[in-house]
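Subject: Structure for you to look at

Dear colleague,

I am handing over the structure that we spoke about, with the sequence alongside. My notes on what was found in it follow below.

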Amino acid sequence: MLSRLMSSSVRSLDRECNCTVRLLDDSEYTCTIQRDAKGQYLFDLICHHLNLLEKDYFGIRYVDPDKQRHWLEFTKSITKQMKSQPPFTMCLRVKFYPPDPAVLKEEITRYLVFLQVKRDLYHGRLLCKTSDAALLAAYILQAEIGDYDPGKHPEGYCSKFQFFPKHSEKLERRIAEIHKTELIAQSPETSELNFLQKAQMLETYGVDPHPCKDVSGNPAFLAFTPLGFTVLQGNRRIHFLKWDEVTKLKFEAKTFHIYANQKEDRKIILTYFAPTPEACKHLWKCGVENQAFYKLEKSSQVRTVSSSNLFFKGSRFRYSGKVAKEVMELSAKIKRDPPEIHRAGMVPSRSCPSITHGPRSTSMPRTRWRAVHISIMEGLESLQDSVHSTPVHSISHGDSFMSSQGHMVVSGEASTSAIISDEIYSPSDSVLPTPVNEHRVEMLPGRHLNGATCTIDKEESKEAVAAAAALSKEAPMGDSGRRRLGLVRNRAPPQSEVQELNKFLLSVLRLFLVTMGLLFVLLLLLIMLTESELDVALLRDIRKTPEFQQFHFEYFCPLRRWFACKFRWLGSFLISK
């Protein structure tokens, strides 16, 4: 009886796993979930812990062992999505930024969105002018330390806090001036709302940068905002398409296409290349979800979308949440007493390394401090890998992506640090488990008996044949009985049938070879025509298609360079002889 209870308890432990979720205030929520639990169950646990009702703006983000970020899908099992062994570590983040934070019904929701946007400002994703930066930082000060008090806040008190990746003494003085004179008597909730309304007016509000390259090989960042799709290069927005203008998002391997219709029936196709196929698929799924959330009127209008092509395996995906208009309608129906909010103030750190000058502190935990050396207007190219949705140091199919430090990082030599959402950890600080290599067990050839595999020995086969021969002597049997023992041999087909079959196979093979030869010749002719400088309308249209651009940059150019290298080597070899 005792052993039965022990075995049942062991089995129940095997069905459970631990999960830790880092919240927006940098606290951690740890729970135990069943191995077959879906993402929605974990998300509901966190929202209940936070007393959060307007939860559709948020999501859970995790990072796989290849440092590729993902949003946890609520309709699928958690353990099937995670590519590492438990315990699992994830982060709660804002997935869909509210178009107008003032419309949010509850203060707890605005506070969590405030923490997310403050994090975006700190990590350099929210780009702004110096004047806007000073006002945003002053709002943060007012919300987290209250009114200016000469007794508590000596000269230069702003230098103790870190609002941006890097800032100057002049900016600090401007922040302190605004905090002292313009924000007196503002409550924390008022300062947080003013901060969000100011941030909402910036072009990079809600931007989660996905590093890519354009068809010319120039680095760019793709992002999805509440208003539409945007492309950033440096600190400039070079493309912006409203969600109503975007007609289709498509990906093929590492190539991402955006189809749009602008005014006057002007059709646009933008093509970009992601570092890896996995990064491109993540980019595509983020775009599909953002478009469905911000564009559609009802969640019943959501359809399963696919990205398929003749030469690439397609993917199917369906956004499973509510849309923005439904979320706002549900928020308006909330009727309860406002939940209590425990705000985390900006406590100066005891061992904070200087980034520009003087000691600084931040509300970020000390173990996650990162010295990011970029200015407010330097642009997204200066961001480290840890603030992107995609690892930029991956190399695939011969393409090279520059790391934030400006040197090449080979995928096999990448750092083993685990990246959790917005922060980068050293291996010693990482709580992500090391992925375990799975080894397949090769089975010997054998037969299956009731689901078990056993090998057949030569002696067994001899004994079976001898028994069958003895049985055949004892009693005559028909063909049906012999077939049951496997003693009836297949009759050889007539010679004429074999010859006809051989002729048929040869004719099919000959037809196949001729067809392949013609296709190869036509392909070579097409390549010669499209790569030539002939100014023909048909060829111009072919050259502008995304498929041809992908073929040109990913296949033709590397193959041409390879042949040129071989011919140069052959020429030098013949000359030396």
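Searching the whole structure, which is a predicted model, turns up 19 aromatic pairs. One aromatic cluster is formed by Tyr57, Phe96, Phe293, Tyr294 and Tyr319. A ring also takes part in a contact with a charge, since the charged end of arginine 237 sits over the ring of phenylalanine 240, at 4.4 Å from its centre.

The largest pocket may be a good place to begin when you open the model. The space in this pocket comes to about 890 Å³, and several elements give two or more residues to its lining, namely helix H2 (39-50), strand E3 (58-63), strand E4 (69-71), helix H3 (78-81), helix H8 (277-295), strand E14 (315-317) and helix H9 (324-332). The largest share of that lining comes from H8, which gives seven residues. In total 39 residues line the largest pocket, and those that lie nearest its centre are Leu72, Glu73, Phe74, Lys95 and Glu289. Sorted by class, the lining of the largest pocket has 15 nonpolar and 15 charged residues, together with nine polar ones. As for where the largest pocket is placed, domain 1 (16-94) and domain 3 (210-332) both give residues to its lining, and therefore the pocket lies between these two domains.

Apart from the pocket, there are the enclosed spaces to consider. The count comes to six cavities of 30 Å³ or more, and the largest cavity has a volume of about 250 Å³. Its lining is made up of 22 residues, with Arg61, Trp71, Val94, Lys95 and Asp208 lying nearest the centre of the cavity. Lys95 is thus named among the residues nearest the centre of the largest pocket and also among those nearest the centre of the largest cavity. Strand E5 (88-94), helix H4 (107-122) and H8 each supply at least two residues of the cavity lining, and H8 gives the most, with four residues. By class, the lining of the largest cavity has nine nonpolar, five polar and eight charged residues.

Some points of backbone geometry are also worth a look. Most residues other than glycine have a negative phi, and most peptide bonds are trans. Against that background, the peptide bond from proline 86 to proline 87 is cis, with omega near 5°. Proline 87 lies in the loop between H3 and E5, and this residue is partly exposed, with a relative accessible area of 41%. The C-alpha atom of proline 87 is separated by 5.5 Å from that of cysteine 19, although the two residues are 68 residues apart along the chain.

Two residues other than glycine can be named for a positive phi. Aspartate 26, in the loop between strand E1 (16-22) and strand E2 (28-34), has a phi near 70°, and at 14% relative accessibility aspartate 26 counts as buried, because buried means under 20% relative accessible area. Asparagine 51, in the loop between H2 and E3, has a phi near 60°, and at 35% relative accessibility asparagine 51 counts as partly exposed.

Finally, here are two contacts over long stretches of sequence, given as distances between C-alpha atoms. Leucine 330, which lies in helix H9, has its C-alpha atom 9.7 Å from that of lysine 105, with their positions 225 residues apart along the chain. Leucine 330 is partly exposed, with a relative accessible area of 41%. Aspartate 66 lies in the loop between E3 and E4, and its C-alpha atom is separated by 9.7 Å from that of glutamate 278, the two being 212 residues apart along the chain. Aspartate 66 is exposed, because its relative accessible area of 58% is over 50%.

With best regards

Methods
Residues numbered from 1 in each chain as written. Predicted model: local features only at pLDDT ≥ 70, side-chain atom pairs only at ≥ 80, totals over all residues. Heavy atoms only, no water. 1 Å grid on protein atoms, 1.4 Å probe; cavity = no way out; pocket = protein on both sides within 12 Å on 5 of 7 lines; lining within 4 Å. Points joined across faces, edges and corners; volume = space filled by probe spheres on them. Nonpolar A, V, L, I, M, F, W, Y, C, P; charged D, E, K, R; others polar. Domains from an automatic or database assignment. Phe/Tyr/Trp six-rings, centres within 6.5 Å; stacked < 30°, edge-to-face > 60°. Lys NZ or Arg CZ within 6 Å of the ring centre and 35° of its normal. Buried < 20%, exposed > 50% of the residue type's maximum accessible area, 1.4 Å probe, protein only.
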